[in-house]
Structure formats: C-alpha cells, structure tokens
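The following exercises concern the structure shown below. Each task is followed by a solution that proceeds step by step.

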Amino acid sequence: MARQEPNCEGSSVVSDLINFLNASPTAFHAVDEAKKRLQNAGYEPVSEREDWKLEAGKKYFFTRNYSTIVAFAIGKKYVAGNGFHIVGAHTDSPCLKLKPVSKVVKGGYLEVGVQTYGGGLWHTWFDRDLTIAGRVIVREEKDGSVSYSHKLVRIEEPIMRIPTLAIHLDRDVRDAFKVNTQSHLLPVLATSIKAELNKVVAENGQADSDAQTHGKKSNERNTSNNSKHHSLLLQLLADQLGCEPEHINDFELQACDTQPSVVAGATKEFIFSGRLDNLCMSFCSLKALIESSESNLEDETGVRLVALFDHEEVGSDSAQGAGSPAMLNTLSRITNSFTADSKLLEKAIQRSFLVSADMAHALHPNYMDKHEDNHQPKLHGGLVIKHNANQRYATNAVTSLIFREIARNHNLPVQDFAVRNDMACGSTIGPILASGVGIRTVDVGAPQLSMHSIREMCAVDDVQYSYEHFKAFFQEFSHLDEKITVDA
C-alpha cells in the first residue's frame, strides 16, 4: 500500500500534542487537561456517585480518583443493546514518587526519599533538572467548619537533581553503570546549611504570626509534617498552592523532568519528550473522539468511548486501573440508562470493539538484533498492530482485519509486531479488558524509541496517522462491523 503523507492538518495535531504533554507532568494533570478539552467540546460531567440521566446524541465524561477519565458520545440513533466503540489507553508513566516519609538528611545534604514506580530506565534520571508535581490534600477552614480538597500542584523551576558519581571515584562505571535504586536514586533538594538559614528566616516570620494568632493546633500539625518531609519542600508547595504549610495534610507527588516537550531533529521529524508512553496515545484517542463527535452523531447507532486508565505501568490492579470494574460498570450504566432489561448489556458487549492503544517498540538502528527480521516497526510507518500467540496482546485475525480495513479505506500505513521467541513480551490493558469484559480487542500503538526513559522520542508523522486512524475507527466501525460474520 502506498504510504499517505500527513496532510496539512498534521502540524496542528502535533503542536496540540506538544501542548498536551507540557500540561501533563503527572496522571492527575493529564486527566485535568483532558477534562478541560472535553468541557470545551461540550461534554457534560457525570458522577459515579449519582444516578445517570443520559440522552442519545449527547456527550459525557467522568473521572475516577482524578487519575482515570472516561468520555463517551452517544449516537443519535443509539438504542440499548447496540455496541460500544472504544479506544483505551493509560495516563501513567514510569517515574519516581515521593515516599510517605520523604525527609532524608545525609552528609550535609537534604535529599528527598522516592520509590520507583513502574519499570523505568532509572539511569536516565541522573543529572536531569528535576522538579515536583502531583496532588496535595489541603485542609481548609471556613466559618468554623473544616473541609479537605485535593489540589493539583506543579513547581515549574528545577529544584532537585540526582548527581552521578565522578568517574575518578568509580573507574568501573565505563563497563557498567549499576544503579542501586534505594541508595543512589535520591534527588538532592538543598544543602543543610542553606536550608537552616532559610528556616531561621521563616521561623522568625512565623513567630510574629503565632504571637498574633496563638495558632497552637497549626503548629502541632506543622511539626508533624516537618518530621516527615523537609520544611523547605513544604514551604515551596505551600507557596505554589497559596496556603500555609500546616494546611498540607498529605500528598501524592512525583519527581518530573523540567525540560519541555519539543518537535526536534534536523528536519523537525521527531518529538522529544517524557511520558510519550502513553500520553501520546491518550491524546490521539481523546482528540479523535472529540473531533469525530462534533457534528456527525446523527447517524451513529453506537456509543463512541475513550477510557484513559491509571496504573497500567504497575499491572492495572487498582480501583482506577483497567483491572477494576470501571469499564464494565460504564458500559452497564450507559445501557441501563436506556432500558430496564439487564440482558441487553450482554448483547451490547458482543457488538462492541476495543482498540487498546499503547506505544510500540520501533526498530533501533544500534540494536537491530532485538527485533525479528519480519517484524521491525519503523518510525513514520503508522500504527503498529501487536501480536502474541500467548495472549500478552489481545489481537486476533478478526480484530486485526477490522483495524486494517479502516486503514485501507483511508490509505493509512500500518505495521505488525511480534516479539522474538527468545525474548519476554510486554503487555497492555488489552488482555485485561478483553478477558474481564469479554470484548473483541486489537492491540496497537505508535512506534517509539527510548521507551520508559525520562526522555523518549517518536515521529511526528505517526502522531498524525494515529489520530486519523482512531478518528476513522469512531466514524466507520458501525458500518464495517455489519459486514463481518464470525459467530453466526
């Protein structure tokens, strides 16, 4: 098949992805950015804690834990029992998350205790300009009552670094850079002496404030927090949030690279960024849903849906992961909003289709032996259909046919990947949802290099191809599925 060059719209899609990536240092921020885009496109929020009153022809979304988001557009001709056309991806990426007690003091340095999340290439985190982002639980008092709210936070400037050891002190490092993730992977926040000087200034100001307010309880809370986390870190967070350090009750924070995502390369053909796995697929599926459902739901008989889950990098077994009942609950609640017949859900699932979208391994020019000769996905080659006989991917002949036919109808390139027999195979949310829900599934992803590095890369063309492929899937699946007979 002749390869289609990306159309002129491609540059706007890529620049939009760059904006999405730079706004999303954590899963919480990615969900927040997705929520803003959905609301701007006319999607209405619904709550899992409330009854749903849905209407055909309208668009909705909900969040779970604010790290998972599900959005759906109901066709104008939808009736209960019709299928769901789904693209699933994930919001999380390997990173360093702050420990519940992060305060570490060693050798005259203030360090931040972190725990590894997912299977990161941890050596890439050394000598990077790091900051902190995530969510904070803030205690608020008003008119004598106390409430707690979660607030997103991001410190823009670099405040931490994990320095490597000089080669003069470790001559063997040229043979192997071995990272002990417990002892070597602690970011340096400050030196103790500078922190103490800042603390004296802060305490003098606090003393004046306490003399006026007699804030005994606030001081007790502050002392408790200071025993778990550096007061300097708490003050930085409080300044960013516009609150007092003692009002910070808890948080979920992670270290983040401060270098922004960019279009790069000698011919501007690449994207250099963190978290491409899997915010690239999250973005492309979200944009495809929004734009495919702007005006052409009139003839749609199904429900178009995007689900962006948390915790894929650690197995998906959480209340907001793909291993939870979230997907099945969503399909059930939508179906039951239009009927009292519970049996129609089973019919709907058999008429549904899931595209599990997670980035794929592109052929590496310096490690070509890591790919089998017949399965070498390349940058600019379009979405990769992933296959594994042992069901590490959920693709089969029928589901790959559907995805290929959509590509053929739009002259979009596609590629195939199967791991070498002598190598372990990764997995995705595809098999989890296929087995948990019973839905037909194809596993796909855009090709990339440096997966799980703090700084990854992919091709601008593949971003455009992915967006177009997902958009075409939403628009055409209902008609294509009518032509396929398997279980008569």
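## Exercise 1: Charged pairs

Glu141 counts as exposed, because its relative accessibility is 51% and the cut-off for exposed is over 50%. The model is a predicted one.

**Task.** Determine which residue forms a salt bridge with Glu141, and place the other salt bridges given here in their setting.

**Solution.**

Step 1. The partner of Glu141 is Arg139, with the closest N and O atoms 2.1 Å apart. Arg139 is buried, since its relative accessible area is 14%.

Step 2. A network follows: Asp16, Glu33, Arg37, Lys287 and Glu291 are joined into one by salt bridges that share partners.

Step 3. Lys106 and Glu111 form another salt bridge, in which the closest N and O atoms lie 3.6 Å apart. Lys106 is partly exposed at 39% relative accessibility, whereas Glu111 is buried with a relative accessible area of 12%.

Step 4. Arg128 and Asp257 meet through their side chains in a salt bridge of 2.7 Å, N to O. Arg128 belongs to the loop between β6 (109–117) and β7 (130–142) and Asp257 to strand β10 (residues 248–257), so this pair ties together parts that are 129 residues apart in sequence. Asp257 counts as buried, at 13% relative accessibility.

Step 5. By the rule applied, the count is 20 salt bridges.

## Exercise 2: A buried glutamate

**Task.** Glu313 is buried yet has no salt bridge. Which side chain makes a polar contact with the side chain of Glu313?

**Solution.**

Step 1. Locate the residue: Glu313 lies in the loop between β13 (303–309) and α7 (326–336).

Step 2. Consider opposite charges. The nearest such side chain is that of Lys386, 9.8 Å away. A salt bridge requires the nitrogen and oxygen to be within 4 Å.

Step 3. Consider polar partners. The side chain of His452 makes a polar contact with that of Glu313 at 3.2 Å.

Step 4. Complete the surroundings. Beyond four places in sequence, the contacts of Glu313 are His90, Asp92, Ser93, Pro94, Tyr117, Gly118, Asp277 and His452. One of these, Asp277, is joined to Asn278 by a cis peptide bond with omega of about 15°. Asn278 lies in helix α6 (residues 276–292).

Step 5. Return to the loop between β13 and α7, where Ser316 is also found. Phi of Ser316 is near 75°, a positive value in a residue other than glycine. Ser316 is buried, with a relative accessible area of 1%.

## Exercise 3: The domain interface

**Task.** Describe how domain 1 and domain 2 meet. How many salt bridges does the rule find across their interface?

**Solution.**

Step 1. Set the bounds. The domain assignment gives domain 1 as 13–93 + 274–482 and domain 2 as 95–166 + 175–199 + 227–257. Their centres, taken over C-alpha atoms, are separated by 32 Å.

Step 2. Count the residues: 20 of domain 1 are in contact with 21 of domain 2.

Step 3. Assess the area. The size of an interface is often expressed as the accessible area lost when the parts come together. Here about 1,600 Å² is buried between domain 1 and domain 2, and carbon and sulfur atoms give 59% of that area.

Step 4. Examine the pairs. The rule finds zero salt bridges across the interface, while nine residue pairs are in polar contact between domain 1 and domain 2. On the side of domain 1 that touches domain 2, the largest share, three residues, comes from helix α2 (residues 27–40).

## Exercise 4: The loop between β16 and α9

**Task.** Characterise His387 and Asn388. Are they buried or partly exposed?

**Solution.**

Step 1. His387 lies in the loop between β16 and α9, and Asn388 is placed in the loop between β16 (383–386) and α9 (397–409).

Step 2. His387 is partly exposed at 24% relative accessibility, whereas Asn388 is buried at 13%.

Step 3. The side chains of His387 and Asp416 are joined by a polar contact of 2.7 Å. Outside four places in sequence, His387 touches residues including Tyr393, Ser400 and Arg404.

Step 4. A polar atom of the Asn388 side chain lies 3.2 Å from the backbone nitrogen of Arg392. With neighbours within four places set aside, Asn388 is in contact with Tyr393, Val419 and Cys425.

Notes. Residues are numbered from 1 along each chain as its sequence is written. This is a predicted model: local features need pLDDT of at least 70, side-chain atom pairs count only at pLDDT 80 or more; totals for chains, interfaces and linings use all residues. Side-chain values use heavy atoms; hydrogens and water are left out. Helices (H or I, at least four residues) and strands (E, at least two) are DSSP runs, numbered from the N terminus. Buried means under 20% relative accessible area, exposed over 50%, partly exposed in between (1.4 Å probe, protein chains only). Lys and Arg count as positive and Asp and Glu as negative; His and the chain ends are not counted. A polar contact is a pair of N or O atoms within 3.5 Å; within protein, one must be able to donate a hydrogen and the other to accept it, and residues adjacent in sequence count only if both atoms are side-chain atoms. Contact means heavy atoms within 4.5 Å. Domain bounds come from an automatic or database domain assignment. Buried area is the accessible area (1.4 Å probe) that two parts lose on being put together, summed over both.
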